[in-house]
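Work through the exercises below with the model open beside you. Each task is followed by a stepwise solution.

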Amino acid sequence: MIGIAALWISVLLVGGGVALDRVLSDAITRNFDDGMNYVLTAMIGASEIGPDGEVLFNRELADQRFLEPNSGLYYQISAKGHEDWRSRSLWDRALKAPGEHHDRQLHVYDSKQFPGEDLRVMERTVVLPGSETRWLFMVAQARSGLDAQIKTLRSTLFKSFALLALGLFVLASLQTIYGLRPLRKVRQEIVRMRAGEKNRVTEPMPAEVLPMVEELNALLAHNERQAEEARTHAGNLAHALKTPLTVIMNAATAKAPDLGDAVIREATTMRRQVDHHLARARAVGRRGAAQSRAEVWSSLEAVERAVRRLYPDARIDMDGDKAAAVRVERQDLDEMLGNLIENAAKYGGGSVFATVGRAAGMVEILIEDDGMGIPQEERVRIFDRGVRLDSGKPGTGLGLAIVRDVAEIYGGAVALEESEDLGGLLVRLRLPAV
């Protein structure tokens, strides 16, 4: 930032300095030329033709430098066929015109015709009354005074702009250092957090840095929630596996005759528990991915084909928005829909109807069946792990719990209602729409 500021300040000051130098140098040069033009006009106004056809001044020029040899201010009047009339300041030298002019325009130019003395020359062709001769009036002045003024101007400009540049560089540096100071404070706060001295950035920050600090604190809170969820999942899994392992250990210790059946039954329960917690852990790990996207209709078709192979007598129909997409990983969406449609086919009367719709930024997936439904008082308890209302059919009671946990992780929800069309259970699954 300091380097860019220094470069930009340098470009602006150099450009501004060059432009100002040109403007002021031109103004000094114009003022110098105006003085010469005044002298030239006075010469022409005081000139007349003498008896012998030569030019004479009817009054003397006021500037005494014309009388001093090599004074730096000279004049000369010349014409073809006439002897040049020169100021005494020229002494034994003469001004040389660059060429013959046939106009009455004013000409100004620089000349190096005198060794060691640069001249500024102004000339004009004039026809005086009483004569048809074209007289060339010339005034020349040494450029030393003009060059000295321009040199002084440029020296002043350079020193002023250099001082201004130094001041701007220092200001930009201080501004950058002071402006980035809050970031160093944030860094120090992070060092303290890593050392375990605190768990949040609590130092007061300027308004410009405050949004970043708030996002950092939100990220820390999010990570803490994820760590707490991971600890909770690990505890729940350990607790869920503890009972089946105890049953197997007791059966093995007692050398029970049905040990094999007990191992198979409890191992199935443990496998479902592991699947449940793996599904939660997978969803928690993926929910922060902004690119999560799944096509609902494609997932429904895949689940429908799988469930048909398990329950060939069940009839599964689908309708609704085929273009709906949700911010959920495809594998997790298949897990939720698979549990819901499999439950509907398993516990229903043989008809399953899935409907896809949109509502308030969410995608609603309705799964209906023609079974016995679930009583109102049991619809909350059924989401608890291991709860089963029909123990006559195989299962572990984890399907709806998995659906609820994964949906909530992605910011969705699941609810149980009564199906008006089929008379059985209606499961309303709501997930964030893309």
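A residue is buried under 20% relative accessible area, exposed over 50% and partly exposed in between, with a 1.4 Å probe and protein chains only. The model is predicted: local features need pLDDT of at least 70, side-chain atom pairs count only at pLDDT 80 or more, and totals for chains, interfaces and linings use all residues. Numbering starts from 1 along each chain as its sequence is written, and side-chain values use heavy atoms, without hydrogens and water.

**Exercise 1. Describe the overall form of the protein.**

Step 1. Take burial: 37% of the 434 residues are buried.

Step 2. List the secondary structure. There are eight helices and 14 strands. Both are DSSP runs, numbered from the N terminus: helices are H or I with at least four residues, strands are E with at least two.

Step 3. Test against a globule. The radius of gyration is 51 Å, well over the 22 Å from the globule rule for 434 residues, so the protein is more spread out than a compact globule. The radius is taken over C-alpha atoms, and the rule is 2.2 Å times the number of residues to the power 0.38.

Step 4. Check the extents. The C-alpha trace spans about 155 × 55 × 35 Å along its principal axes.

**Exercise 2. Check the length of helix α2 and find its packing partner.**

Step 1. Compute the expected span: 1.5 Å times one less than the number of residues.

Step 2. Compare. The 36 residues of α2 (144–179) should span 52 Å, and the end C-alpha atoms are 51 Å apart, which agrees.

Step 3. Pick the buried positions. They are Leu146, Ile150, Leu153, Leu157, Ala165, Ala172 and Thr176.

Step 4. Find what they face. These buried residues pack against α1 (2–46), where contact means heavy atoms within 4.5 Å.

**Exercise 3. Locate the nonpolar cores.**

Step 1. Set the criterion: buried Ala, Val, Leu, Ile, Met, Phe, Trp, Tyr and Cys residues joined through side-chain atoms within 4.5 Å.

Step 2. Take the largest core. It has 40 residues, and Val296, Leu333, Met336, Ile367 and Leu429 have the most contacts inside it.

Step 3. Assign elements. Those giving two or more residues include α6 (296–310), α7 (330–347) and β14 (425–432). The largest share, seven residues, comes from α7.

Step 4. Inspect Leu333. Leaving out residues up to four places away in sequence, Leu333 touches Ala294, Glu295, Val296, Ser299, Val326, Val328, Ile365 and Leu431.

Step 5. Look for another core. A second, separate one of 26 residues includes Ile28, Met36, Val39 and Ile77.
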